[in-house]
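Thank you all for coming. I would like to walk you through one structure this morning, going from the chain as a whole down to a handful of residues.

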Amino acid sequence: MKEKILAKFAEVFGDNEGAACFFAPGRVNLIGEHTDYNGGHVFPCALTIGTYGVARKRKDRKLRFFSMNFEPLGIIESSIDDLTPRKEAGWTNYPKGVMWAFKERGMEMDCGMDILLNGTIPNGSGLSSSASVEVLTGHILRELFDFSVSNQDLALIGQYSENHFNGVNCGIMDQFAIAMGKENMAIFLDTADLSYTYAPVALKGAKIVIACSNKKRGLGDSKYNERRRECEEALAEIQKVRNIQTLGELSGEEFEAVKDAIGSDIRKRRAKHAVYENERTVKAVEALKNNDILRFGQLMNASHDSLRDDYEVTGRELDTLVEEARKVEGVIGSRMTGAGFGGCTVSIVKDEAIDRFIEEVGKNYLERIGYKADFYVVEIGGGPVTL
Ligand code: GLA
């Protein structure tokens, strides 16, 4: 990959002298969905697929970006004096947002850069290609400009730029999973205080299979921000009868005792998902530690059902993938992953069932939805690196 991206960099920018190569992963969330902005737990892991980058400082203040995933767009030019979001800047709003967020923290670039990216994460798949680009950009800035930031800072800066530069009110999960990734480990993160532990994902005889629905979505125009608002409103209603800071503080039982303070059925169901999904995540990590993969799978299934029925973020495509997955013998659990509204599902599938899984789910999805799904048997990788 290094040779390939260096050669492309030379082709696009004239030569590759002094250019360095970098990588940041994508992520998949195993369980704990739509809990990260509710002070709950999440359990994601970084992947070995992600975003490769080549970068080099310039002598002037220009920024030149090129993405091998959007070749027809050619070189997109800007400058470090113009770090404002612009529609016509397209995908470059993500790296520019990170440069802006560094500047906000007093870490200002003193020259421009040429940057080439090549992502191996399918775009818009829900495997966090944008967070991957954000963390990658942060890592590149740290390396080339000697900014002193930890990996956890990279996650927070990435989230800050996405919230305040790109207008998506996302939680911390994606950037954290990517910046803090560790090979073969999932990250059990408490989003209330960012305390975390790593848990080995030893699936003994099974693998993580991702099915991409190919239904495209953009978080900005999805109902993501709406769900977040609904949860905030439900929290405010509960706060009238109970002193809590986040929905994540409530157990299922405690929620049942206060839920009638929520004035609408829709908000009640949104909050119910947030509370019970948080409980499921804690239980799932326990199950994994006890090598109880079957229990882990059941909790994954329950997570999807709650996202479908109470949180209403799945949609026909993801529901079809999950329905078909669960028909295949050897599937331990299957659920949507990420924000939803399109994107991917994550399934734990026994080794001997993987080929059959891909064939049967693929065939039935095509028949029912009218276009094909893509499948990836993935591995858990580490955080951002210089290659
Ligand atoms: C997106 C957001 C995350 C998280 C998930 C849902 O991936 O970026 O912060 O909220 O959706 O769990």
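**From the whole chain to single residues**

Let me begin with charge: the chain carries 49 positive and 58 negative charges, and the mean positions of these two sets are 2 Å apart. Please keep in mind throughout that what you see is a predicted model.

As for the overall build, the chain has eleven helices and 13 strands. Its radius of gyration is 21 Å, close to the 21 Å that the globule rule gives for 387 residues, so the chain is as compact as a globular protein of that length. If you take the principal axes as your frame, the C-alpha atoms fill a box of roughly 60 × 50 × 40 Å.

How much of the chain counts as buried? Of the 387 residues, 59% do. The accessible surface comes to about 15700 Å², and 47% of this area belongs to carbon and sulfur atoms. Turning to contacts between residues at least 6 apart in sequence, 72% of them join residues that are at least 24 apart.

Now to the individual residues, starting with Arg27, which lies in strand E1, residues 20–29. Is Arg27 buried or exposed? With a relative accessibility of 2%, Arg27 counts as buried, because the cut-off for that word is under 20%. Its side chain reaches the backbone oxygen of Gly126 at 2.9 Å, and a polar contact of 3.3 Å joins it to the side chain of Ser128. Once neighbours within four places in sequence are left aside, the residues in contact with Arg27 include Pro44, Cys45, Leu127, Asp174 and Gly338.

Gly338 comes up again when we move on to Glu33, whose side chain reaches the backbone nitrogen of Gly338 at 3.0 Å. Glu33 sits in the loop between E1 and strand E2, residues 41–42, and at 1% relative accessibility it counts as buried. Not counting residues up to four places away in sequence, Glu33 touches several others, among them Met173, His273, Glu277 and Arg335. Which residue, 245 residues away along the chain, has its C-alpha atom 8.3 Å from that of Glu33? That residue is Asn278.

His273, which we have just met as a contact of Glu33, is also in contact with Arg280. Arg280 is found in helix H8, residues 265–289, and at a relative accessibility of 12% it counts as buried. Leaving aside neighbours within four places in sequence, the other contacts of Arg280 are Ile31, Leu299, Ala302, Ser303 and Ser306.

Finally, a word on backbone angles. Most residues other than glycine have a negative phi. Against that background, please look at His34, where phi is near 60°, a positive value in a residue other than glycine. His34 is in the loop between E1 and E2, and it is buried, with a relative accessible area of 4%. Where is Leu194, for which phi is likewise near 60°? Leu194 has its place in the loop between strand E7, residues 185–190, and strand E8, residues 195–200, and at 18% relative accessibility it counts as buried, since the limit is under 20%.

Terms used
Residues are numbered from 1 along each chain as its sequence is written. This is a predicted model: local features need pLDDT of at least 70, side-chain atom pairs count only at pLDDT 80 or more; totals for chains, interfaces and linings use all residues. Side-chain values use heavy atoms; hydrogens and water are left out. Helices (H or I, at least four residues) and strands (E, at least two) are DSSP runs, numbered from the N terminus. The radius of gyration is taken over C-alpha atoms; the globule rule is 2.2 Å times the number of residues to the power 0.38. Buried means under 20% relative accessible area, exposed over 50%, partly exposed in between (1.4 Å probe, protein chains only). Contact means heavy atoms within 4.5 Å. Accessible areas come from the Shrake-Rupley method with a 1.4 Å probe; for residues, only the protein chains shown count as cover. Lys and Arg count as positive and Asp and Glu as negative; His and the chain ends are not counted. The place of a charge is taken as NZ of Lys, CZ of Arg, CG of Asp or CD of Glu. A polar contact is a pair of N or O atoms within 3.5 Å; within protein, one must be able to donate a hydrogen and the other to accept it, and residues adjacent in sequence count only if both atoms are side-chain atoms.
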